[in-house]
Structures are given as structure tokens and as C-alpha cells.
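I opened this notebook to keep track of what I looked up in one protein chain, entry by entry. I wrote each entry in whole sentences, with the structure open beside me.

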Amino acid sequence: MLHYIEVSTLQTATFSFGDTIASWITSPIIVTILLSIAFAGLAVELFTPGFGAGGILGVAAAGVFLYGHIAGGFLSGTDILLLTAAIILLVLELFVPGGMMGLLGMIGLLWVLFRIAADKTDMMISISIAFIVTVVAVVYVIRIVGFEKGMFKPMILQDTLRPDSIPSLDSLIGKRGTTTTPLRPTGVAEIEDKKLDVITDGRYIASGEEIVVIRTEGTKIIVSSLANEEENK
């Protein structure tokens, strides 16, 4: 028996310009390029002074990536909330040391990327390539500008103490002072009305906390939190 299809019931699928752009942006190759630019650009920004080309390119690539996935219907309201929380955790990691917030932020970011991926294998390949590109870019930038000019500048001992600049460091042992910068573990503390570069034995000490010099090693002044020292007595 022959079956006939009424022509009037057939419908032709049409794609808008937005659908075409979204399909192009969410293709595996473009996703890889956008993630590589976003990750590398934002990572490089951490090691360079001010907000420059790396940050602009990173933000722009991330914006295009999100636009494509929102327009393509891959990103739900839950994904946007998770992504926002991950970004907040990553930003907080810059101000609250410890690594836990950064770790949770990265886990949240990767979770969202795999949730919105059309193909998880393609997304894994894209993230892996983006990670390699980021590492190469960061290593290159560090070789050019070092650690001293980016957001890590406050964490690094800037000035080298000269032995003749302080008559006797041993005389500082037992002296108390106050940190004027966070010690991560290096930083600056004011001791006897002098701002000195100091270092802890590995522990983080916030700015404004009372410290005590526990020993000296060459030109290094090792300090500890006064509260910790009093608790250990």
C-alpha cells in the first residue's frame, strides 16, 4: 500500500543569524581557542602591572564563550549561579591566602564547563589544550618580567637587607613590633620605629598583628605572631 505525505504538513527548519553564531562559537575548535585566550590572558594579567592586554583579551574571550553558550541554550540559570560562585571564590583567593577558595573555585569552574559541554570529551580536550597554553604563556611572561611587577609584588621581599644597614640584627631578638603588610611569609613589620623586611617560619600573619622577633639568620629577621608565642609559653 502506498502512503502519501501531504506537502502542507512539512516544515522547513530555519536558523537565525544568532543561531549560526552560537553554533560557530560552541564548536570544539572555537571553544578551545576561546578558553586558551581566556585562561592565558587572565593568568598573565596576574604577573603584569596594571590591567592590560592580557586581562582585556581574557575577559573578551570569556564573554564571547558565555554569549555563545547562552545563545545556544547550553547555559541554564543554575549554571550561571555556579559560575558566579566559582568566579567569586577565585577572586577571594587573591585576598585570602590558603588555597582552599582557589581550589573550590577551580573545581566549580571545571564543573560548569563540563555541565554546559555539548560533548564532554571535546571539552576535556579543549581544557587540556587551554591549560598547556596557559602554562607556556605564564612561564614566558615570568621569564620576561619576573614575579615583581604583578599582583604578587606585595608577597615578595622587595629590598635586600645589607649587613651594614642594621648594626646588629641579633639585638632585635625578642623585640616586638607590628606588621604593616601581610606576611606570606615575607613582608614588612615596624619594630622600634623602623620598617624592616621580615619573614615568618612559614605561617601567614595578617597586616596589623603584633609580632615578636624569634631569631635571625644572616640578614633575615624571623618573626612569629605574638599571640602564638604567648600561647606556647
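**Entry on Ser224.** I began by asking which residues Ser224 touches once those up to four places away in sequence are not counted. In this predicted model, the answer is Ile205, Glu210, Ile211, Val212, Ile214 and Glu229. I then looked up where Ser224 sits, and found it in strand β5, which runs over residues 220-225. Its relative accessible area is 6%, and because buried means under 20%, Ser224 counts as buried.

**Entry on the whole chain.** I stepped back to see what elements the chain is built from, and noted seven helices and five strands. Following the sequence from its start, I read the pattern as α-α-α-α-α-α-β-β-β-β-β-α. The chain has 233 residues, and 30% of them count as buried. I also looked up the accessible surface, which comes to about 14,800 Å², with 66% of that belonging to carbon and sulfur atoms. Among contacts with a separation of 6 or more, 52% are between residues 24 or more positions apart.

**Entry on the loop between β2 and β3.** Where does Glu192 have its place? I found Glu192 in the loop between β2 (186-191) and β3 (194-200), and Asp193 lies in the loop between these two strands as well. I wrote down the backbone angle phi for both: Glu192 has a positive phi of about 55 degrees although it is not a glycine, and Asp193, also not a glycine, has a positive phi of about 65 degrees. For exposure I needed the cut-offs, since exposed means over 50% relative accessible area and partly exposed lies between that and the buried limit of 20%. Glu192, at 48% relative accessibility, therefore counts as partly exposed, whereas Asp193, at 73%, counts as exposed.

**Entry on helix α2 and Ile37.** I checked the length of α2 (28-45) against what its residue count suggests. Its 18 residues should span 26 Å at 1.5 Å a residue, and the end C-alpha atoms are 25 Å apart, which agrees. Many names came up when I listed the buried residues of α2, including Ile30, Val31, Leu34, Leu35, Ala38, Gly41 and Val44. Ile37 is found in α2 too, but with a relative accessible area of 34% it is partly exposed. Which residues is Ile37 in contact with, leaving aside its neighbours within four places in sequence? I noted Leu42, Leu57, Gly58 and Ala61. Of these I followed up Leu57, which is 20 residues from Ile37 in sequence and 6.7 Å from Ile37 in space, C-alpha to C-alpha.

**Entry on helix α3.** Helix α3 covers residues 53-71, and I compared its length with expectation in the way I had done before: 19 residues should span 27 Å at 1.5 Å a residue, and the end C-alpha atoms are 27 Å apart, which agrees. Its buried residues are Gly54, Gly55, Gly58, Ala61, Phe65, Gly68 and His69. Looking down the axis of α3, I saw that these buried residues fall within an arc of 170 degrees, so they line one face of the helix. The face turned away from that buried side carries the exposed residues Ala53 and Ile56. After the helix comes Gly73, whose phi is positive, near 80 degrees.

**Entry on helix α4.** Helix α4 has 17 residues and reaches 25 Å from its first C-alpha to its last, close to the 24 Å expected at 1.5 Å a residue. In α4 the buried residues are Asp79, Leu83 and Ala86. Seen down the axis of α4, they fall within an arc of 60 degrees, so they line one face of the helix. I also asked what covers the buried residues of α4, and the cover includes α3 and α5.

**Entry on the largest pocket.** My last look-up was the largest pocket, which has a volume of about 1,200 Å³. It is lined by 33 residues, and those closest to its centre are Phe39, Leu42, Leu90, Met106 and Leu109. The elements that give two or more residues to this lining are α2, α3, α4 (77-93), α5 (100-115) and α6 (120-145).

Methods. Residues are numbered from 1 along each chain as its sequence is written. This is a predicted model: local features need pLDDT of at least 70, side-chain atom pairs count only at pLDDT 80 or more; totals for chains, interfaces and linings use all residues. Side-chain values use heavy atoms; hydrogens and water are left out. Helices (H or I, at least four residues) and strands (E, at least two) are DSSP runs, numbered from the N terminus. Buried means under 20% relative accessible area, exposed over 50%, partly exposed in between (1.4 Å probe, protein chains only). Contact means heavy atoms within 4.5 Å. Accessible areas come from the Shrake-Rupley method with a 1.4 Å probe; for residues, only the protein chains shown count as cover. The expected span of a helix is 1.5 Å times one less than its number of residues. The arc is that of the directions from the helix axis to the C-beta atoms. On a 1 Å grid over the protein atoms alone, a cavity is a set of points where a 1.4 Å probe fits but cannot get out, and a pocket is an open set with protein on both sides within 12 Å along at least five of seven lines; lining residues have an atom within 4 Å of a point. Grid points are joined across faces, edges and corners, and a volume is the space filled by probe spheres set on the points.
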